[in-house]
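Here are my notes on the model, set out as numbered points. Please read them with the structure open.

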Amino acid sequence: PSLTTNTSFKKEAAAAKLYKALKSFNTDEETVILILTEHNSKQRNKIDKTYKYNHRRNLINDLKNKLHSHFERLCIGLLQDEAEFCVETLRKLVEGSCRVNDIVGILAWKDSETLDGINKIYKAKFRSDLEDDLLSNCDSKYHPVVKICMSDNREDEDQDETIVKDVQNLCKAIEDEDKEEFKMCLNHTLCCRSWDVLPDIMDMFESVNGGKDLGYFMKKILGKKITEAFQPLFFILDEPSAFYAEEIYDCTEGPGTNDEKLQRIFIQRAEIDLLSIDSVYRNMFGKKLEKLVKEETGGHYRNLLLALLGARV
């Protein structure tokens with residue numbers, strides 16, 4: 001990760017620096033950038049609460065009043081709770097362009113507690129069911145993928161014997177040429193097994209089938225259309241950094257930049273694999289993310305994105 005825990009964390013000092021930076025007539029944006037990128041999400045959450053307690057002010061409201069445009073939105077996104085941030089992002093998809101890659105990119109790898117929080121916040125804010133809204137606004141061929149991402153039956157931890165049993169069940173259904181059994185086993189595995197274990201299941205399956213992956217047998221048994229619909233899900237399970245590298249390319253290639261998506265990826269992956277995404281992006285597209293950010297963005301917004309990358313401004 002490019003953004004890690006600050007071992008010299010002092011929440012009162014960080015909150016005081018932010019208060020001073022936002023209080024002055026000439027806002028000290030560089031201090032805001034420094035504080036937000038020198039602390040991880042849990043520490044930023046504590047700074048936010050300390051700011052409110054010590055200075056009797058709402059930090060996000062102060063940022064909205066003093067900052068502008070993409071820089072403002074990126075700062076606020078870094079301060080939001082993970083579930084709250086996901087809810088706002090998903091709502092924008094529902095109201096606009098509901099691409100399956102975006103849904104998968106947001107919801108894959110979310111543990112059951114976080115997903116439950118997302119569902120509850122969404123329902124409270126919009127008086128609507130998130131899964132129903134996503135299904136209503138995306139192509140029907142992607143409905144199985146959406147349901148997998150929204151599954152509330154997923155275990156957060158699995159035993160090794162579970163992995164072996166799932167692979168054996170899938171292989172037996174293939175051997176018996178039982179389409180319905182294969183569909184049932186596949187759906188059970190993708191909906192119930194932890195995100196961390198699914199790549200292991202896919203690797204073991206490929207290993208025992210002579211290098212032929214799950215997609216190969218899906219296409220053979222269930223057809224090309226449904227297999228193509230599952231590609232984003234299989235891609236993020238197999239190579240998450242490559243998945244997000246392609247998503248960054250997609251939102252910056254051609255006229256204009258999809259800043260909302262760019263911000264989302266940087267916020268969500270900074271504490272996970274943003275440096276790995278940078279490396280994969282360079283290998284895939286011949287350019288470092290640092291150079292891309294400098295070409296596509298500007299001002300304090302650019303500086304904050306660079307800081308999230310751990311690059312020099």
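**Notes on rings, cysteines and pockets**

1. Phe230 and Phe234 both sit in helix H15 (residues 224–238). They are four residues apart, about one turn of the helix. Keep in mind that this is a predicted model. Phe230 is buried, and Phe234 is buried too. Their ring centres are 5.9 Å apart, with the planes at 45°. The pair is therefore tilted.

2. Helix H8 holds a pair with the same spacing along the chain: Tyr122 and Phe126 are four residues apart, about one turn of the helix. Here the ring centres lie 5.0 Å apart and the planes meet at 55°, so this pair is tilted as well. What is the burial of each partner? Tyr122 has 0% relative accessibility and counts as buried. Phe126 has a relative accessible area of 25%, so Phe126 is partly exposed.

3. The structure holds 10 aromatic pairs. Ring pairs also join Phe205, Tyr216 and Phe217 into a cluster.

4. Two arginines have their charged ends over rings. The charged end of Arg154 sits over the ring of Trp195, 4.1 Å from its centre. The charged end of Arg56 sits over the ring of Tyr53, 5.5 Å from its centre.

5. How many disulfides are there? The count comes to zero. Cys98 is in no disulfide. The nearest cysteine sulfur to that of Cys98 belongs to Cys138, 5.4 Å away. Cys98 has 11% relative accessibility, so Cys98 counts as buried.

6. Cys191 is a similar check. Why is there no bond to Cys192? The sulfur of Cys192 is the closest cysteine sulfur to that of Cys191, but the two are 6.1 Å apart, which is too far for a bond. A disulfide needs the sulfur atoms within 2.5 Å. Cys191 is buried, with a relative accessible area of 11%.

7. Cys75 lies in helix H5. The relative accessible area of Cys75 is 0%, so this residue is buried. Asp28 is 47 residues away from Cys75 along the chain. The C-alpha atoms of Cys75 and Asp28 are separated by 13 Å.

8. Now the pockets. The largest pocket has a volume of about 950 Å³. Which residues are closest to its centre? Of the 33 that line the largest pocket, they are Ser41, Glu82, Lys110, Thr114 and Ile272. Six helices each give two or more residues to this lining: H3 (41–55), H5 (69–79), H6 (82–95), H7 (100–107), H8 (112–126) and H17 (259–269). By class, the lining has 12 nonpolar, nine polar and 12 charged residues.

9. The second largest pocket has a volume of about 380 Å³. It is lined by 19 residues. Arg73, Ile76, Gln80, Glu88 and Lys92 are the closest to its centre. Helix H4 (59–66), H5, H6 and H17 each supply at least two residues of this lining. Which helix gives the most? H5 does, with six residues. The lining divides into five nonpolar, five polar and nine charged residues.

10. Some helices serve both pockets. H5, H6 and H17 each give two or more residues to the largest pocket, and each supplies at least two to the second largest. H5 is also the helix that holds the buried Cys75.

11. There is one cavity of 30 Å³ or more. The largest cavity has a volume of about 40 Å³. Its lining is made of Asn101, Asp102, Gly105, Phe243, Tyr244, Glu247, Lys261, Arg264, Ile265 and Gln268. H7, helix H16 (240–252) and H17 each give two or more of these residues. H17 has the largest share, with four residues. By class, this lining has three nonpolar, three polar and four charged residues.

12. A last pointer on where to look. H7 and H17 appear in the lining of the largest pocket and in the lining of the largest cavity. H8 contributes to the largest pocket and also carries the Tyr122 and Phe126 pair.

Note on methods
Residues numbered from 1 in each chain as written. Predicted model: local features only at pLDDT ≥ 70, side-chain atom pairs only at ≥ 80, totals over all residues. Heavy atoms only, no water. 1 Å grid on protein atoms, 1.4 Å probe; cavity = no way out; pocket = protein on both sides within 12 Å on 5 of 7 lines; lining within 4 Å. Points joined across faces, edges and corners; volume = space filled by probe spheres on them. Nonpolar A, V, L, I, M, F, W, Y, C, P; charged D, E, K, R; others polar. Phe/Tyr/Trp six-rings, centres within 6.5 Å; stacked < 30°, edge-to-face > 60°. Buried < 20%, exposed > 50% of the residue type's maximum accessible area, 1.4 Å probe, protein only. Lys NZ or Arg CZ within 6 Å of the ring centre and 35° of its normal.
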